[in-house]
Amino acid sequence: MKLKDLTTLMIQRVYILLEEKGLSPKSIRNVHGMLHGMLDKAMKMDLIRKNVSKNCELPPIRKTEMHPLTKEEMGTFMTLAKDDEYYLMMRFDFFTGLRESELIGLTWDCVDFENHTLRIYRQFVRIASGPDKGKMMYTPLKNGKERTITLTVTALNVLREAKRKQNEMHLRAGSSWHNEYNMIFTRSNGMFVRFKTLYVHFKALVGKLNRPEVRFHDIRHTYATLAIQSEVDFKTLSLSLGHATVAFTLDTYGHVSNHMSQNAAAKMEKFIGTL
């Protein structure tokens, strides 16, 4: 179709069709963002008079409710998980806030023990479409931005223990060991950990904690919430989480910040209120 013949109604119909096919509101907005930018470029090149995508209505994004654990609940969870085969993996995530795909795909080349840092530059995901559909593969990060975070002493100790445990598993497995990508967290035969398996183990533990509504992704929210309560600044937290902007971090965890603001006001009142 020629650009000059494109109409707002045509584009709107495409968005409706995408929604009917099951595409998420966020994905439809991503499609719109790309198309809108292309048509803006066409305007600047005098190929069209106006951007007909401008007035399209987009499906609202419904935020998934967060269920972070409190500091006390996190402590209880660690005690309950102590004997779980994926304990180290879950413990590490509580101290780094990695996405599931980043955690599963971590490889030893990401770790710098000397400088206490972790490089996150790819994710391990199941391909949804195309010739590789269904395969587990490495892809660029969600927003394409590589990041390096400083690890806590606890997180470093988890990695050292993971290395020791992996060496033991390798010896026991012998010739059946298969860690193709040199992953940090693996099954007993060296193969990658399936998210469904990790999810089942995690849900069993939060069930014992009487918090069945907590999802694995809430480990990430727990990390962020506790970081804010520890007065980590939003710029540092945003970089650590790998968010595209600080504004997104503020929008996601603003409710925690508001609570802290109330505490800050109380502290100021106590400090200078009597002057």
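Two rings of Phe, Tyr or Trp count as an aromatic pair if their centres lie within 6.5 Å, and a pair with planes under 30 degrees apart is stacked, one over 60 degrees is edge-to-face, and the rest are tilted. By this criterion the structure, which is a predicted model, holds 10 aromatic pairs.

**The whole chain**

Begin with the full protein in cartoon representation. The fold contains 10 helices and 5 strands. Along the principal axes, the C-alpha atoms fill a box of roughly 75 × 65 × 40 Å. If the 275 residues are coloured by accessibility, buried residues make up 38% of them. Considering contacts between residues at least 6 apart in sequence, 58% join residues at least 24 apart.

**Aromatic pairs**

Select Phe77 and Phe202 and display their side chains. The two rings form a tilted pair, 5.5 Å centre to centre and with 50 degrees between the planes. Phe77 belongs to helix α3 (residues 71-81) and Phe202 to helix α7 (residues 195-208), so that the pair links parts of the chain 125 residues apart. Phe77 counts as buried because its relative accessibility is 0%. Phe202 is likewise buried, with a relative accessible area of 0%.

Next, select Phe92 and Phe185. Their ring centres are 5.8 Å apart and their planes stand at 50 degrees, so this pair is also tilted. Phe92 is located in helix α4 (residues 87-94), whereas Phe185 occupies the loop between α6 (153-173) and α7; 93 residues separate the two. Both Phe92 and Phe185 are buried.

Return to Phe77 and Phe202 and extend the selection to Phe94, Phe195, Tyr199 and Phe216. Together these six residues form one aromatic cluster.

**Arginines over tyrosine rings**

Select Arg119 with Tyr121, then Arg122 with Tyr138. Arg119 lies over the face of Tyr121, at 4.0 Å from the ring centre. Arg122 lies over the face of Tyr138, at 3.6 Å from the ring centre.

**The largest pocket**

Switch to a surface representation and locate the largest pocket, which holds about 1,000 Å³ of space. Which residues should be selected to find its centre? Of the 25 residues that line this pocket, Lys26, Lys142, His217, Phe248 and Thr252 are the closest to the centre. Helices α2 (25-44), α8 (218-229) and α10 (246-272) are the elements that give two or more residues to the lining. Colouring the lining by class shows 6 nonpolar, 10 polar and 9 charged residues.

**Three residues in helices**

Select Met10 in helix α1 (residues 8-20). Is this residue buried, partly exposed or exposed? Met10 counts as partly exposed because its relative accessibility is 32%, which falls between the limits of 20% and 50%. Leaving aside residues up to four places away in sequence, Met10 touches Met1 and Asp5. A distance drawn from Met10 to Lys54, 44 residues away along the chain, gives 13 Å between the C-alpha atoms.

Move to Glu161 in helix α6. Glu161 is partly exposed, with a relative accessible area of 30%. The C-alpha atoms of Glu161 and Leu88 are separated by 8.0 Å, although these positions lie 73 residues apart along the chain.

Then select Ser240 in helix α9 (residues 234-241). With a relative accessible area of 10%, Ser240 is buried. Which residues does Ser240 touch, not counting those up to four places away in sequence? The contacts are with Thr96, Arg147, Ile149 and Tyr223. Ser240 and Met90 are 150 residues apart in sequence, and their C-alpha atoms are 17 Å apart in space.

**Two positive phi angles in loops**

Finish with two residues whose backbone angles merit inspection. Asp46 has a positive phi of about 60 degrees although it is not a glycine. Asp46 is placed in the loop between α2 and α3, and at 68% relative accessibility it counts as exposed.

The last selection is Glu231, in the loop between α8 and α9. Glu231 is not a glycine, yet its phi is positive, at about 70 degrees. At 57% relative accessibility, Glu231 counts as exposed.

Note on methods
Residues are numbered from 1 along each chain as its sequence is written. This is a predicted model: local features need pLDDT of at least 70, side-chain atom pairs count only at pLDDT 80 or more; totals for chains, interfaces and linings use all residues. Side-chain values use heavy atoms; hydrogens and water are left out. Helices (H or I, at least four residues) and strands (E, at least two) are DSSP runs, numbered from the N terminus. Buried means under 20% relative accessible area, exposed over 50%, partly exposed in between (1.4 Å probe, protein chains only). Contact means heavy atoms within 4.5 Å. On a 1 Å grid over the protein atoms alone, a cavity is a set of points where a 1.4 Å probe fits but cannot get out, and a pocket is an open set with protein on both sides within 12 Å along at least five of seven lines; lining residues have an atom within 4 Å of a point. Grid points are joined across faces, edges and corners, and a volume is the space filled by probe spheres set on the points. Ala, Val, Leu, Ile, Met, Phe, Trp, Tyr, Cys and Pro count as nonpolar, Asp, Glu, Lys and Arg as charged, and the others, Gly among them, as polar. A charge sits over a ring if NZ of Lys or CZ of Arg is within 6 Å of the ring centre and within 35 degrees of the ring normal.
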